[in-house]
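Reader: Some of the terms used for this protein need a reason behind them. Please give the value and the cut-off each time.

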Amino acid sequence: MTELSVLISDDDVMIRDVLKEVLDSEADIAVVAVAGDADEAIRLAERHRPAVAVLDVRMPGGGGARAAREIARRSPGTAILAFSAYADRASIAGLAAAGVTEYLVKGVPNAAIVEAVRRLGRQAAG
């Protein structure tokens, strides 16, 4: 079985660490890069071309929407999962327009995050 490569980007180091731990604990998922802002996420996505990018909505460097647009352009095979504390319609609509494939609100069970990453990885693989 091929590992599903994942990029995590969140400006909160605790969120990054927990997401990395949760995803790396799965035998079929490998976190290949971790970023703290949109610029770093874009650079790392272009370098690693992950199957899935998990992006915080509100982070330095233009936020998840900017990162999603640039990642979609520079690494078109990468599916994008927005992960945010905010669930308002404007945020969700803006992210969908930027290329976000799925949106999860922080606080969902870890199993939901893992399943979303797997689902997006399968879609990206085709």
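Reader: Why is D56 called buried?
Author: In this predicted model, D56 has a relative accessible area of 5%. Buried means under 20%, so D56 is buried.

Reader: Where is D56 found, and which residues does it touch?
Author: D56 is found in strand β3, residues 52-56. Not counting residues up to four places away in sequence, D56 touches S9, D10, D11, G63, G64, F83, S84 and K106.

Reader: What does UniProt list for D56?
Author: An unreviewed UniProt entry lists D56 for "modified residue: 4-aspartylphosphate". Such annotations may be inferred rather than shown by experiment.

Reader: How do you know that E26 and R118 meet in a salt bridge?
Author: The N to O distance between their side chains is 2.6 Å. The cut-off is 4 Å between a side-chain nitrogen of Lys or Arg and a carboxyl oxygen of Asp or Glu, so the pair E26 and R118 counts as a salt bridge. E26 lies in the loop between α1 and β2 and R118 in helix α5 (residues 110-125), so the pair ties together parts that are 92 residues apart in sequence.

Reader: What makes E26 and R118 partly exposed?
Author: Buried ends at 20% and exposed begins over 50%, with partly exposed in between. E26 has 24% relative accessibility and R118 has 22%, so both count as partly exposed.

Reader: Which side chain does D28 share a polar contact with?
Author: The side chains of D28 and R118 are joined by a polar contact of 2.8 Å, where the limit is 3.5 Å. D28 is in the loop between α1 (13-24) and β2 (29-35). Its relative accessible area is 15%, so D28 is buried.

Reader: Why do R73 and E70 fall in opposite classes, exposed and buried?
Author: R73 has 57% relative accessibility, over the 50% cut-off, so R73 counts as exposed. E70 has a relative accessible area of 18%, under 20%, so E70 is buried. The two lie in helix α3, three residues apart, about one turn of the helix. Their salt bridge has its closest N and O atoms 2.7 Å apart.

Reader: What makes R74 and E46 a salt bridge?
Author: The closest N and O atoms of R74 and E46 are 3.3 Å apart, and the cut-off is 4 Å. This pair links distant parts of the chain, with R74 in helix α3 (residues 63-74) and E46 in helix α2 (residues 38-48), 28 residues apart. A network of salt bridges links E46, E70, R73 and R74. By the 4 Å rule, the count comes to 12 salt bridges.

Reader: Which residues touch the most other members of the largest nonpolar core?
Author: They are L7, L55, A67 and I71, in a core of 21 residues. Helix α2 gives the largest share, five residues. Leaving aside neighbours within four places in sequence, the contacts of I71 include L7, A41, I42, A45 and L55. A second, separate core of 20 residues includes V22, V31, L104 and V117.

Reader: How confident is the predictor, and which elements have the lowest and highest mean pLDDT?
Author: The mean pLDDT of the protein is 92, on a scale from 0 to 100, and 98% of its residues reach 70 or more. Among the elements, helix α4 (residues 89-98) has the lowest mean, 81, and β2 the highest, 98.

Methods. Residues are numbered from 1 along each chain as its sequence is written. This is a predicted model: local features need pLDDT of at least 70, side-chain atom pairs count only at pLDDT 80 or more; totals for chains, interfaces and linings use all residues. Side-chain values use heavy atoms; hydrogens and water are left out. Helices (H or I, at least four residues) and strands (E, at least two) are DSSP runs, numbered from the N terminus. Buried means under 20% relative accessible area, exposed over 50%, partly exposed in between (1.4 Å probe, protein chains only). A polar contact is a pair of N or O atoms within 3.5 Å; within protein, one must be able to donate a hydrogen and the other to accept it, and residues adjacent in sequence count only if both atoms are side-chain atoms. Contact means heavy atoms within 4.5 Å. A nonpolar core is a set of buried Ala, Val, Leu, Ile, Met, Phe, Trp, Tyr and Cys residues joined through side-chain atoms within 4.5 Å.
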